[in-house]
Amino acid sequence: MKTITVPCHYDNYAYIVICEKSKKAAIIDPAEYYPLLQILKEQDAQLTAIYCTHHHADHIGGLEEFLGDYAGLNVYGHYSDSNRIVGLNVSLEDGDLLSLGELEGKVIHTPGHTSGSVCYLFEDAVFTGDSVFGGGCGRLFEGSPELMYQSLSHLVAEIPESAEIYFGHEYTMQNLKFALFVEPENNRIARRMSDSAALLESGGFTTPSTLSQELATNPFLRCSEMTIRKNVAEKLFADNSSPQAVFAALRKKKDSF
Ligand code: ZN
Ligand code: FE
């Protein structure tokens, strides 16, 4: 499996996944046509599938042009988004199994950012769209904090700790600033910040991270940690009586941070 990160728009990431045995290629989030097309053309592989993590325009902006160029493309997305994603012809539900050539994948439904948000697991790589970011999670446009908390718990349970997390936007530095605010004692956050800053400065990306890195530094996956619970009460003056309440308080604060 080969994975290529393709920056699109201002801070979006789209990905190209290639099964090297069958030479079949897929796009995960056709955010923008030209940058993806250019990189696809350099590959010795045939585009057969487009996987959409959700319906937002910044993630599917290039979809119509790809549909016009490539006959017979399979366009995947959650069934509830069939009216919001143009050309969607393979409707998915949680737990559905996928194949790209000889690569096997799995659909993990993670409603919250949008109701039809899904993550795609191929081998040890998970593509999270706007559900999980480096050091953070997506805003809740179509779901309660309780629902998003449940979605993230479900995702974590479904993927190995070594899983690489390929997310949909370069928000890592802002997210880690917030992470450090709610957990100033966590040395791994400070270290991740300096590593990320160095990566970005050299023209690199902070995607992918790993689940183990997120579990150690992403406050939205650490709602049971004592320090975070304490700071939710002392700094945010919010309910910390359950991990769901902590998640809700963190998400609300992050919206205006
Ligand atoms: Zn989005
Ligand atoms: Fe987005």
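Four donors count as tetrahedral if all their angles lie between 85 and 135 degrees, and as square planar if opposite donors are over 155 degrees apart and all others between 65 and 115; anything else is irregular. Keep that in mind for the first close-up, and remember throughout that this is a predicted model.

**View 1. The iron ion (ligand 2) has four protein donor atoms in an irregular arrangement.** Look for D58 (OD), H59 (NE2), D130 (OD) and H169 (NE2), which sit 2.1 to 2.4 Å from the iron ion (ligand 2). Why is the arrangement around the iron ion called irregular? The four donor atoms subtend angles of 82 to 170°, so the arrangement gets that label. For a yardstick, four tetrahedral donors would ideally make angles of 109.5 degrees.

**View 2. Iron and zinc share a residue, D130.** This aspartate bridges the iron ion (ligand 2) and the zinc ion (ligand 1), and the two ions are 3.1 Å apart. Along the chain, the donors of the iron ion (ligand 2) follow the spacing D-H-x70-D-x38-H. H59 belongs to helix α2 (residues 57-60), while H169 is in the loop between β13 (164-167) and α5 (172-182), so this pair ties together parts that are 110 residues apart in sequence. Are these two histidines buried or exposed? Both H59 and H169 are buried.

**View 3. Helix α8 (residues 226-234) has buried residues on one side.** The buried ones are I228, N231 and V232. They span an arc of only 105° around the axis, which means they're on the same side of α8. Flip to the other side of α8 and you'll find M226 and E234, which are exposed. So what covers the buried residues of α8? The cover includes α5 and α9 (243-255).

**View 4. Six strands make an open sheet.** Read the strands across in the order β1-β2-β3-β4-β5-β6, and note that their pairing is mixed. At the edges you'll meet β1 (2-8) and β6 (90-92), each pairing on one side only. From one strand to the next, the twist averages 25°.

**View 5. Strands β4 and β5 run side by side in parallel, and a helix packs on the sheet.** Three bridges join β4 (residues 46-51) to β5 (residues 74-78). Want one to find for yourself? Start at A49 and look for its bridge partner in β5, N74. Helix α1 (residues 33-41) packs on the sheet and touches β1, β2 (12-19), β3 (24-28) and β4. The direction of α1 makes about 150° with that of β1.

Terms used
Residues numbered from 1 in each chain as written. Chains lettered and ligands numbered in written order. Predicted model: local features only at pLDDT ≥ 70, side-chain atom pairs only at ≥ 80, totals over all residues. Heavy atoms only, no water. Donors = N, O, S within 2.8 Å, 3.2 Å for Na, K, Ca; no water. Tetrahedral: all angles 85-135°; square planar, octahedral: opposite > 155°, others 65-115°. Helix = DSSP H or I, 4+ residues; strand = E, 2+ residues; numbered from the N terminus. Buried < 20%, exposed > 50% of the residue type's maximum accessible area, 1.4 Å probe, protein only. Arc of directions from axis to C-beta. Contact = heavy atoms within 4.5 Å. Pairing = 2+ DSSP bridges. Axes fitted to C-alpha atoms, helices over the stretch in contact; angles between N-to-C directions.
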